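Welcome! Please take a moment to look over the sequence and the 3D view below, and then we can walk through some of the details together.

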Amino acid sequence: MTELMPVGVLGARGRMGAAAVAAIRAAPGLELVAALGSSDPLDPLVSAGARVVVDLTVPDATYDNVVFAVRHGMHAVVGTTGWTPERLEQLSAVLVEAPGTGVLIAPNFALGSVLATAFAATAARYFESVEIVELHHPDKIDAPSGTAARTARLVAAARSAAGVPEAPDATRDPLDGARGATIDGIPVHSVRLRGLTAHQEVLLGSPGELLTLRHDSFDHASFMPGVLLGIRSVAEHPGLTVGLDGYLDLQTGAAS
Ligand SMILES: NC(=O)C1=CN([C@@H]2O[C@H](COP(=O)(O)OP(=O)(O)OC[C@H]3O[C@@H](n4cnc5c(N)ncnc54)[C@H](OP(=O)(O)O)[C@@H]3O)[C@@H](O)[C@H]2O)C=CC1
Ligand SMILES: O=C(O)C1=N[C@H](C(=O)O)C[C@H](O)C1
């Protein structure tokens, strides 16, 4: 008989956590052994023998949760936002002490979003201007979204590597916030609106043309195939992987 993969979920009563719990319960080969909330200690992950921990909590808690998992020999699949470059560096140092353990930090588990971000990074060098608009439900506590932050960083890195000059902007003395937040020089605008789930547009402009790369998640179901792929693949990817694209061959669409 094939052994089931024991999985624990943190943030199990949240929007993403509840969807992940249901998806794991329904997934062949996986067994949900712990489903914990904000007031629970983390020890049940260890006593239940979780091999993979899925973190879907809040930016303030996720680092400590992941370090707990890594120090107890568990792999981690993380959808929670708030991972700054400094935090990622700290986590990499922790992982050096745990060779063989894998952590996936996935700002977005939806395949369409992963592709849209990759397309944006490819297109970024060819346009004079790039701005990002992310739109979410109003219960989201962080802004800008983790997806927008990662998209901005990848777009900025691609433009810098290609020697693209700064985008033109003649604005003088804007009202605070009018031009959005700036991540690595890329303006990011956040909309919070009842009725929305998770949406992003990358606007790329050059004289006489506009390329819009838009992705919409209408339902948390959009994230579940990526969560399950992460759980099934994380043990084969020791160390830190940022972005689900690290587990995908985007040329052929195959999982690596
Ligand atoms: N990567 C992706 O594809 C996606 C990522 N996200 C991200 O996932 C995270 C969760 O989103 P969402 O489910 O909408 O949020 P919710 O607010 O619905 O859920 C968050 C959960 O985190 C738990 N929590 C709160 N504080 C703590 C704490 N200090 N320690 C441990 N757990 C805590 C809460 O548990 P309790 O209910 O027990 O108090 C709550 O259920 C966010 O960062 C969001 O941006 C969201 C969607 C997709
Ligand atoms: O909070 C959400 O809902 C989402 N959070 C992630 C993010 O901040 O990028 C992923 C997705 O946008 C939904």
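Which residues in α5 are buried? They are Ser113, Val114, Ala116, Thr117, Ala120, Ala121 and Ala123. Please keep in mind as you read that this is a predicted model.

**A helix and its cover**

Helix α5 runs over residues 111-123. With 13 residues at 1.5 Å a residue, a span of 18 Å is expected, and the end C-alpha atoms are indeed 18 Å apart, so the two agree. An α-helix has 3.6 residues a turn, so residues three or four places apart point the same way. What lies over the buried residues of α5? The cover includes α6 (146-161), β9 (198-206), β10 (209-217) and β12 (248-249).

**Two domains**

The domain assignment splits the protein into domain 1, made of 5-105 + 221-247, and domain 2, made of 111-218. The UniProt record, an unreviewed entry, places the feature "domain: Dihydrodipicolinate reductase C-terminal" at residues 113-244. Over residues 113-244, the chain is 28% helix and 30% strand, and the end C-alpha atoms are 10 Å apart.

How do the two assigned domains meet? Their C-alpha centres lie 27 Å apart, and eleven residues of domain 1 are in contact with eleven residues of domain 2. About 840 Å² is buried between domain 1 and domain 2, with carbon and sulfur atoms giving 59% of that area. On the domain 1 side, Arg15, Thr81 and Asp245 lose the most area to domain 2, and together they account for 42% of what that side buries.

The count of salt bridges between domain 1 and domain 2 is one. Aspartate 245 also forms a salt bridge with arginine 150, where the closest N and O atoms are 3.2 Å apart.

**Charged pairs**

Side chains of opposite charge can pair when their charged atoms come close. The count for this model comes to eight salt bridges, and the table shows some of them.

| Salt bridge | Closest N to O distance |
|---|---|
| Arginine 179 and glutamate 131 | 2.6 Å |
| Arginine 194 and aspartate 139 | 2.9 Å |
| Lysine 140 and aspartate 142 | 2.9 Å |
| Aspartate 245 and arginine 150 | 3.2 Å |

Let us begin with the pair of arginine 179 and glutamate 131, whose side chains meet in a salt bridge. This pair links distant parts of the chain, 48 residues apart: arginine 179 is in the loop between α6 and β7 (181-183), and glutamate 131 is in strand β6 (residues 129-136). Arginine 179 is partly exposed, at a relative accessible area of 25%, and glutamate 131 is partly exposed too, at 21%. Glu131 and Arg179 also belong to a network of salt bridges that includes Asp169.

Next come arginine 194 and aspartate 139, which form another salt bridge. Arginine 194 lies in the loop between β8 (186-192) and β9, while aspartate 139 lies in the loop between β6 and α6, so the pair ties together parts that are 55 residues apart in sequence. Arginine 194 is exposed, with 62% relative accessibility, whereas aspartate 139 is partly exposed, at 37%.

Finally, are lysine 140 and its partner buried or exposed? Lysine 140 has a relative accessible area of 19% and is therefore buried, as buried means under 20%. Aspartate 142, at 14% relative accessibility, counts as buried as well.

Definitions and conventions: Residues numbered from 1 in each chain as written. Chains lettered and ligands numbered in written order. Predicted model: local features only at pLDDT ≥ 70, side-chain atom pairs only at ≥ 80, totals over all residues. Heavy atoms only, no water. Helix = DSSP H or I, 4+ residues; strand = E, 2+ residues; numbered from the N terminus. Expected span 1.5 Å × (residues − 1). Buried < 20%, exposed > 50% of the residue type's maximum accessible area, 1.4 Å probe, protein only. Contact = heavy atoms within 4.5 Å. UniProt positions renumbered as here; feature names shortened; annotations may be inferred. Domains from an automatic or database assignment. Buried area = accessible area lost by both parts, 1.4 Å probe. Salt bridge = Lys/Arg side-chain N within 4 Å of Asp/Glu carboxyl O.
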